[in-house]
Amino acid sequence: MEIDDEASDGNIVKGNWIGVGADGSTVLGTGGDGIFISGGADNSVLGGAGANEGNWIASPDLVGIEIDGETTGTVIQGNRIGTDLAGTANWGGQMDGILIENSGAGGAPSSNLIADNVVAFSGQGGTWTRGIVLYNTAGGGNTLLRNSIYSNVGLGIDLGATGVTGNDGGDGDTGPNNLQNFPILTAATTNGSTMVNVSGTLNSNASSYFRIEFFASATADTTTFGEGQIYLGYVNVATNGSGNATFGTTLSAAVPVGYVITATATKSDASYSTFTDTSEFSMRFTTTAIAPGVLVVDTASDTSDGDTTSITSLLAN
């Protein structure tokens, strides 16, 4: 499916089966991209948050969804790329799951939203291998939230199409999504059934706001940076004047011991209601069992050696 017209803004593509037979069990493939948006067709909506609004794209020969040309404001939400309807079987074949390039005129923010999608099994038959890739011409402001990204041959999220982009102090580099730094995980423990504790740090722009999203996967990715199959939740953080933030949170989720945890950082406004640049996935951290023990909090007001208002805050400090 191709939309390639600068005069064609506000397109809506919802609820389609692309590369799938009418019986829902036959893989047909696409002969090219599953969905291709180009030529400045701004503010298109591909999928949606409602039931059956997402597009189902199976075994595309090139890319599942590609955004090309000076195209901004695209919403890619609730789509399933590379799997059966249940989201478990390998119906991939695409080179990349979602690809953005040449978006945003003159390098301006492209402001695309990629949320709540399943992107799996990329790189099965081609030289590209990523789940979601933003080329150097993708611009900034591409927000990635709550996506399930797994079993791709290469990186789950690749900023710049160059492999893992290392963090830089203060996050002053430029590129797609301003090469947003990823979080560093320092601990991940689970009781295996109802809760998982995760803590870590983020270094980025000074005095700024971020949403840290957490993901779990049953198996470790071939890279040390992993992907993120199961969305677990998030915590909001603010960096200090040196660009540093610490976080520690307890998430309500059944995560077995031995699963790997990864995280992304997405820049936010102060109210945590508007989001822009999302990072690549963090280095993976393997969960261990929560050790039994006793934690004594002698007062809730003494914060000279750390924030003692809650156990979660103590763990973060």
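1. In what follows, Ala, Val, Leu, Ile, Met, Phe, Trp, Tyr, Cys and Pro count as nonpolar, Asp, Glu, Lys and Arg as charged, and the others, Gly among them, as polar. The model under review is predicted. With that division, the lining of the largest cavity splits into six nonpolar, three polar and two charged residues.

2. Overall content. The chain has 317 residues, and buried residues make up 50% of them. Its secondary structure amounts to one helix and 25 strands. Of the contacts with a separation of 6 or more, 74% are between residues 24 or more positions apart.

3. Largest cavity. The structure holds two cavities of 30 Å³ or more. The volume of the largest cavity is about 50 Å³. Its lining consists of Leu-144, Leu-145, Arg-146, Asn-147, Ile-149, Ile-157, Glu-213, Phe-215, Thr-264, Thr-278 and Phe-281. Two or more of these lining residues come from each of strand 14 (143–145) and strand 19 (209–217).

4. Second largest cavity. This one encloses about 30 Å³. Around it are Leu-155, Gly-156, Ile-157, Val-164, Phe-225, Gly-226, Glu-280 and Phe-281. By class, five of the lining residues are nonpolar, two are polar and one is charged. Ile-157 and Phe-281 appear in the lining of the largest cavity and in that of the second largest cavity.

5. Second largest pocket. The volume here is about 250 Å³. The lining has 14 residues, and those nearest the centre are Asn-52, Gly-54, Gly-78, Arg-80 and Leu-85. The class count for this lining is four nonpolar, seven polar and three charged residues.

6. Aromatic pairs, Phe-121 and Tyr-150. The whole structure contains eight aromatic pairs. In one of them, the ring centres of Phe-121 and Tyr-150 are 5.8 Å apart and the planes stand at 75°, so the arrangement is edge-to-face. Phe-121 belongs to the loop between strand 12 (118–120) and strand 13 (132–134), while Tyr-150 is in strand 15 (residues 148–150), so the pair ties together parts 29 residues apart in sequence. Both Phe-121 and Tyr-150 are buried.

7. Aromatic pairs, Phe-182 and Phe-225. The planes of these two rings are also at 75°, with centres 5.3 Å apart, so this pair is edge-to-face. Phe-182 is in the loop between strand 16 and strand 17, and Phe-225 is in the loop between strand 19 and strand 20 (230–238); the pair thus links distant parts of the chain, 43 residues apart. Phe-182 is buried because its relative accessibility is 5%, and Phe-225 is buried with a relative accessible area of 12%. Phe-225 is also one of the residues lining the second largest cavity.

8. Other ring interactions. Trp-17, Trp-56 and Trp-91 are joined into a cluster by ring pairs. Separately, Arg-211 places its charged end over the ring of Tyr-234, at 3.5 Å from the ring centre.

9. Thr-165. This residue is in the loop between strand 16 (157–159) and strand 17 (184–190). Is Thr-165 buried or exposed? Buried means under 20% relative accessible area, and Thr-165 counts as buried because its relative accessibility is 17%. Beyond neighbours within four places in sequence, its contacts are Leu-159, Leu-179, Phe-182 and Glu-280. Among these, Phe-182 is a member of the edge-to-face pair with Phe-225, and Glu-280 is part of the lining of the second largest cavity.

10. Leu-232. The residue is located in strand 20 and is buried, at 12% relative accessibility. Which residues does Leu-232 contact, leaving aside neighbours within four places in sequence? They are Val-196, Phe-214, Phe-215, Ala-216, Leu-251, Ala-253, Val-255 and Ile-261. The C-alpha atoms of Leu-232 and Phe-215 are 5.3 Å apart, with their positions 17 residues apart in sequence. Phe-215 in turn is one of the residues lining the largest cavity.

11. Ala-289. Strand 25 (residues 288–289) contains this residue. Ala-289 is partly exposed, as its relative accessible area is 47%. Not counting residues up to four places away in sequence, Ala-289 touches Thr-189, Thr-190 and Val-257. From C-alpha to C-alpha, Ala-289 and Val-196 are 9.2 Å apart in space, while they are 93 residues apart in sequence. Val-196 is also among the contacts of Leu-232.

Notes
Residues are numbered from 1 along each chain as its sequence is written. This is a predicted model: local features need pLDDT of at least 70, side-chain atom pairs count only at pLDDT 80 or more; totals for chains, interfaces and linings use all residues. Side-chain values use heavy atoms; hydrogens and water are left out. On a 1 Å grid over the protein atoms alone, a cavity is a set of points where a 1.4 Å probe fits but cannot get out, and a pocket is an open set with protein on both sides within 12 Å along at least five of seven lines; lining residues have an atom within 4 Å of a point. Grid points are joined across faces, edges and corners, and a volume is the space filled by probe spheres set on the points. Helices (H or I, at least four residues) and strands (E, at least two) are DSSP runs, numbered from the N terminus. Buried means under 20% relative accessible area, exposed over 50%, partly exposed in between (1.4 Å probe, protein chains only). Contact means heavy atoms within 4.5 Å. Rings of Phe, Tyr and Trp (its six-membered ring) pair if their centres lie within 6.5 Å; planes under 30 degrees apart count as stacked, over 60 as edge-to-face and the rest as tilted. A charge sits over a ring if NZ of Lys or CZ of Arg is within 6 Å of the ring centre and within 35 degrees of the ring normal.
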